[in-house]
Structure formats: C-alpha cells, structure tokens
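Student: I am new to this one. Please pick a single spot, look at it closely, and then lead me outward from there. Short sentences, please.

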Amino acid sequence: MRVFVTGDQELITKLERFQRLSDLEKAYDDSGKTVAGIAEKLVPIDTGRLQKSIRYRSLTQKAVVQAGTRSFPYAPIVHYGQQAGWSAQPFLTDALSIGY
C-alpha cells in the first residue's frame, strides 16, 4: 500500500510562517509590556488612579498601550496639556522613546 501526500511542502511553508507570526506576536507582547512598564514609572502621580489605568494589549500586527478609561478620561489632558494651566506631561510618548 502506498500513500501519496500532495501539498505537503505548502503545508510546511504555512506552518513555518505561522511560527514566524507567533514569534512576531510575542515581540509585540514584549514591546507593549515594556512600554507600559516605563509609562507607569513616568506618569505623574496624584492619586495613583492614572498610573493604575495604564495597560497594554498585543494584537496580530501591533501592540497598543493606553491610559485612562471612559469613567476616568483625563489621560489626554495630562499627556498633552489640553487644558488651561496644565503643561504637557507626555508620559506615553516618552515611554515609547525610552523603550526604543
């Protein structure tokens, strides 16, 4: 009895690509974790609530680091200084610059 497998090279190529994507996803995850950790050290602390709101998530082709929540939306005001009397304290972009 003989068994012939067709498309085996194509399957191997796809599996190798999947492995590379897994490596890439890990790199995004590591990057997000690093930048979020640096941002937590750079963020100005009053109550600590903004610092606790810093989080990251990694997606297939990028990592996203965020701060603030819907119920606690003043991260952009602190980061960009978008209110009279507030100077910009760009803790997220600074964290990205330091991390890379």
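**From one side chain to the whole chain**

Tutor: Start with D30. D30 counts as partly exposed because its relative accessibility is 32%, which falls between the cut-offs of 20% for buried and 50% for exposed. D30 sits in helix α1. Now look across to R57. D30 and R57 are 27 residues apart in sequence, yet their C-alpha atoms are 10.0 Å apart in space.

One caution before we go on. This is a predicted model. The mean pLDDT of the chain is 84, and 81% of the residues score at least 70. Helix α2 has the highest mean pLDDT among the elements, at 95. Helix α1, where we began, has the lowest, at 81.

Next, the overall plan. The chain has four helices and two strands. Along the sequence, their order is α-α-β-β-α-α. The chain has 100 residues, and 20% of them count as buried. Now take the contacts with a separation of 6 or more. Of these, 45% join residues 24 or more positions apart.

Move to the strands. Strand β1 covers residues 55-58, and strand β2 covers residues 63-66. The two strands pair in the antiparallel sense, over four bridges. Together β1 and β2 make a hairpin, with four residues between them. Follow the pairing by residue. R55 has Q66 of β2 as its bridge partner. S58 faces A63, also in β2.

Step back to the loop between α2 and β1. S53 is found there. S53 counts as buried because its relative accessibility is 8%, and buried means under 20%. What does its side chain reach? A polar atom of the S53 side chain lies 2.7 Å from the backbone oxygen of L50. The S53 side chain also reaches the backbone nitrogen of G68, again at 2.7 Å. Set aside neighbours within four places in sequence, and S53 is in contact with Q66, A67 and G68. Q66 is already familiar as the bridge partner of R55.

A67 leads to the next topic, the nonpolar core. The largest nonpolar core has 13 residues. A67 is one of those with the most contacts inside it, along with A39, V43, L50, I54, F91 and A95. Helices α1, α3 and α4 each supply at least two residues of this core. Helix α1 gives the most, with four residues. L50 appears in this list, and its backbone oxygen is the atom met by the S53 side chain.

Take A39 from that list. Which residues does A39 contact, leaving aside neighbours within four places in sequence? They are I54, F91, L92 and A95. I54, F91 and A95 are also named among the core residues with the most contacts.

L92 now takes us to H79. H79 lies in helix α3, residues 75-80. Is H79 buried or exposed? H79 counts as buried because its relative accessibility is 5%. The H79 side chain reaches the backbone nitrogen of L92, at 3.4 Å. Not counting residues up to four places away in sequence, H79 touches A88, Q89, P90, F91, L92 and T93. Thus F91 and L92 are touched by H79, and both are in contact with A39. Helix α4 spans residues 91-99.

One more stop, at the rings. A search of the whole structure finds one aromatic pair. F72 and Y74 form it, edge-to-face, with 4.5 Å centre to centre and 70° between the planes. The two partners are placed in separate classes of accessibility. F72 is buried because its relative accessible area is 8%. Y74 is partly exposed because its relative accessible area is 25%.

Trace the route once more on the model. D30 in α1 was the start. The hairpin of β1 and β2 came next. S53 followed, in the loop between α2 and β1. Then came the core with its 13 residues, H79 in α3, and the pair of F72 and Y74.

Technical notes:
Residues are numbered from 1 along each chain as its sequence is written. This is a predicted model: local features need pLDDT of at least 70, side-chain atom pairs count only at pLDDT 80 or more; totals for chains, interfaces and linings use all residues. Side-chain values use heavy atoms; hydrogens and water are left out. Buried means under 20% relative accessible area, exposed over 50%, partly exposed in between (1.4 Å probe, protein chains only). A polar contact is a pair of N or O atoms within 3.5 Å; within protein, one must be able to donate a hydrogen and the other to accept it, and residues adjacent in sequence count only if both atoms are side-chain atoms. Contact means heavy atoms within 4.5 Å. Two strands pair if DSSP finds at least two bridges between them. A nonpolar core is a set of buried Ala, Val, Leu, Ile, Met, Phe, Trp, Tyr and Cys residues joined through side-chain atoms within 4.5 Å. Rings of Phe, Tyr and Trp (its six-membered ring) pair if their centres lie within 6.5 Å; planes under 30 degrees apart count as stacked, over 60 as edge-to-face and the rest as tilted. pLDDT is the predictor's confidence in each residue, from 0 to 100.
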